[in-house]
Amino acid sequence: MSITYTIDHARRLVTAVGQGDLTGDDIFGYQQEVWSRPDVGGYDELIDMTNVQRIDLRSVDHVKQLAELAASMDPVAVQSKFAIVAPDDYAFGLGRMYESYRRLEGRSTKRVGVFRSMAEARAFLEAAG
């Protein structure tokens, strides 16, 4: 898998880092592996795409499918945040598309933000509300 992650239970934060070539299987695998764990339900999430060289999705529909899957895994009564760091234009565009699909998904309880820098992403996660 081209995504590694750490879980900080004290801060209620999952931090993931993508590297090299990233495939749809990598992204869906990460989603299933991490967010099916009951001990991280309602945690904030930070994904750093800075070191991703290439994103290989079979189709852009995968972005919508991922948003639907992720929303279906959100705990119902818990609001959380998801920050995506994507300095690359392509990754940023995919992130914004994902953000839009998540916003349209009625089951979603995560507020998504896509940022060019880690500092912006951390500020989003640390802001109240």
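**Figure 1. Strand 4 as an enclosed element of the predicted model.** In this predicted model, strand 4 spans residues 80–85, and six of its six residues are buried, so the strand is largely enclosed by the rest of the structure. The burial concerns both faces of strand 4, with S80, F82 and I84 buried on one side and K81, A83 and V85 buried on the other. A residue is called buried here when its relative accessible area is under 20%, and the lysine K81 is among the residues of strand 4 that meet this criterion.

**Figure 2. The two neighbours of strand 4.** Strand 3, which covers residues 44–56, runs parallel to strand 4 and is joined to it by four bridges; within this pairing, E45 stands opposite F82 of strand 4. Strand 5 (residues 110–115) also pairs with strand 4 in the parallel sense, here over six bridges, and K110 in strand 5 is the bridge partner of S80. In general, the strands of a sheet pair through backbone hydrogen bonds, in either a parallel or an antiparallel arrangement. The connection from strand 4 to strand 5 involves helix 3 (residues 89–104), and the three elements together make a right-handed β-α-β unit.

**Figure 3. The five-stranded sheet and the helices that lie against it.** Five strands form an open sheet in the order 1-2-3-4-5, and their pairing is mixed. Strand 1 and strand 5 stand at the edges with a single partner strand each, so one side of each is left without a neighbour in the sheet. From one strand to the next, the twist averages 15°. Helix 3 packs on this sheet, where it touches strand 3, strand 4 and strand 5, and its direction makes about 160° with that of strand 5. Helix 4, formed by residues 118–126, lies across strand 2, strand 3, strand 4 and strand 5, and runs at about 175° to strand 4.

**Figure 4. The hairpin of strand 1 and strand 2.** Strand 1 (residues 3–8) and strand 2 (residues 13–23) pair in the antiparallel sense over six bridges. Two of the residue pairs can be followed in this view: I3 stands opposite G18 in strand 2, and I7 has V14 of strand 2 as its bridge partner. Four residues lie between the strands of this hairpin, and R12 belongs to the loop that they form between strand 1 and strand 2. The phi angle of R12 is near 55°, a positive value in a residue other than glycine. With a relative accessible area of 39%, R12 is partly exposed.

**Figure 5. From strand 2 to strand 3, and the loop that follows.** Strand 2 and strand 3 run parallel and are joined by ten bridges, with V14 standing opposite E45 in strand 3. E45 also stands opposite F82 in strand 4, and V14 is also the bridge partner of I7. Helix 1 (residues 24–35) completes a right-handed β-α-β unit with strand 2 and strand 3. After strand 3, R58 lies in the loop that leads to helix 2, and at 65% relative accessibility it counts as exposed. R58 and G24 are 34 residues apart in sequence, while their C-alpha atoms are 7.1 Å apart in space.

**Figure 6. The surroundings of Q31 in helix 1.** Q31, a residue of helix 1, is buried, with a relative accessible area of 6%. When its neighbours within four places in sequence are left aside, Q31 is in contact with S36, L66, L69, A70 and M73. Two of these contacts, L66 and A70, are also among the residues of helix 2 that meet helix 3.

**Figure 7. The crossing of helix 2 and helix 3.** The axes of helix 2, which comprises residues 61–73, and helix 3 come within 9 Å and cross at roughly 45°, and the two helices are therefore oblique to each other. Their crossing is right-handed. On the side of helix 2, the residues that take part are V63, K64, L66, A67, A70 and A71, and in helix 3 they meet L94, M97, Y98, Y101 and R102.

Terms used:
Residues are numbered from 1 along each chain as its sequence is written. This is a predicted model: local features need pLDDT of at least 70, side-chain atom pairs count only at pLDDT 80 or more; totals for chains, interfaces and linings use all residues. Side-chain values use heavy atoms; hydrogens and water are left out. Buried means under 20% relative accessible area, exposed over 50%, partly exposed in between (1.4 Å probe, protein chains only). Two strands pair if DSSP finds at least two bridges between them. A crossover is right-handed if, with the strands pointing away from the viewer, the path from the first strand over the helix to the second runs clockwise. Axes are lines fitted to C-alpha atoms, for helices over the stretch in contact, and angles run from 0 to 180 degrees between N-to-C directions. Angles under 35 degrees count as roughly parallel, over 145 as roughly antiparallel, 65 to 115 as roughly perpendicular and the rest as oblique. A crossing is left-handed if the near helix is turned anticlockwise from the far one by less than a right angle, and right-handed if clockwise. Contact means heavy atoms within 4.5 Å.
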